[in-house]
Amino acid sequence: MNEPEDLGQVTGSMDPQDQNQAGGAFTDTGARHDEPDARLTNLEDGTSFSIAVDAQASAFVATKDGVEFGAVPFADKNGRVTLLATSILPDYRGQGLATELTRRVLDSIRAEGKSATVRCPVFRSFIERNPEYAAMVDIPGTGRDGRDDA
């Protein structure tokens, strides 16, 4: 079994249909490697967590104290990463973890020189509150990508 690609420490609910649609591979290998912008994330309250890319599962996975508490399944095709959903275990919600996970996923995609298609409402809300990410994404149904809704 391949180990997730370590993207560092970071922290919705996922529709099982979306989870099953996740395909592709964000990275070319299942090997672990550090991303300089996504190591350990400390939130304002001192909470820290890590994120990693699990290429086999096609998901960004968030871990805190040895517990995988969150995931963002994705599909990667031709340099465009489609973000399908954000899932956080109930005991980890309401702590700002989904917001920081969202930020780190987008930062990682940007660092790879890729763009994103957002199908997840958590990411949509985040981008509305953080317009500095708007140029790297398109959101189907909003007309922001210059195409009809796909």
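## Exercises on a predicted model: salt bridges, core and loops

R104 is buried, with a relative accessible area of 17%. The structure is a predicted model, and the exercises below work through its charged pairs, its nonpolar core and some of its loop residues.

**Exercise 1. Determine which residues are joined with R104 through salt bridges, and classify each of them as buried, partly exposed or exposed.**

*Step 1.* Begin with the direct partner of R104, which is E100: the two side chains form a salt bridge in which the closest N and O atoms are 3.1 Å apart. Both residues belong to helix α2, and because they lie four residues apart there, about one helical turn separates them.

*Step 2.* Next, look for a further partner of E100. A salt bridge also connects E100 with R103, where the closest N and O atoms are 3.4 Å apart. These two residues are three residues apart in helix α2, so their separation is again about one helical turn.

*Step 3.* Since a salt bridge requires a side-chain nitrogen of Lys or Arg within 4 Å of a carboxyl oxygen of Asp or Glu, the pair at 3.1 Å and the pair at 3.4 Å can both be accepted. Through the shared partner, E100, R103 and R104 form one network.

*Step 4.* Finally, apply the accessibility limits, by which buried means under 20% and exposed means over 50%, with partly exposed in between. E100, at 12%, is therefore buried, and R104, at 17%, is buried as well, whereas R103, at 24%, is partly exposed.

**Exercise 2. Describe the salt bridge between D76 and K114, and state where in the chain its two residues are found.**

*Step 1.* The side chains of D76 and K114 meet with an N to O distance of 2.7 Å. D76 is in strand β5, while K114 is in the loop between α2 and β8, so that the pair, 38 residues apart, links distant parts of the chain.

*Step 2.* As for accessibility, D76 and K114 are both buried. To place the pair in context, the total count of salt bridges in the model is five.

**Exercise 3. Identify the residues with the most contacts in the largest nonpolar core, and the elements that supply this core.**

*Step 1.* The largest nonpolar core has 28 residues, and those that touch the most other members are F60, L83, V105, L106, I109, F123 and V137.

*Step 2.* At least two residues each come from strands β3 (48-54), β4 (59-64), β5 (67-77), β6 (80-83) and β8 (115-118), and likewise from helices α2 (97-111) and α3 (121-129). The most is given by α2, with six residues.

*Step 3.* As a general background to this result, nonpolar side chains tend to be buried together in soluble globular proteins.

**Exercise 4. Locate D65, N78 and A135, and decide whether each is buried or exposed.**

*Step 1.* D65 is placed in the loop between β4 and β5, and its phi is near 50°, a positive value in a residue other than glycine. With a relative accessibility of 71%, D65 is classed as exposed.

*Step 2.* N78 is placed in the loop between β5 and β6, and its phi, near 55°, is likewise positive in a residue other than glycine. N78 is exposed, at 77%.

*Step 3.* A135 lies in the loop between α3 and β9 (137-138), and its relative accessible area of 81% makes it exposed. The C-alpha atoms of A135 and A116 are 9.7 Å apart, although 19 residues separate the two along the chain.

Note on methods:
Residues numbered from 1 in each chain as written. Predicted model: local features only at pLDDT ≥ 70, side-chain atom pairs only at ≥ 80, totals over all residues. Heavy atoms only, no water. Core = buried A, V, L, I, M, F, W, Y, C linked by side-chain atoms within 4.5 Å. Buried < 20%, exposed > 50% of the residue type's maximum accessible area, 1.4 Å probe, protein only.
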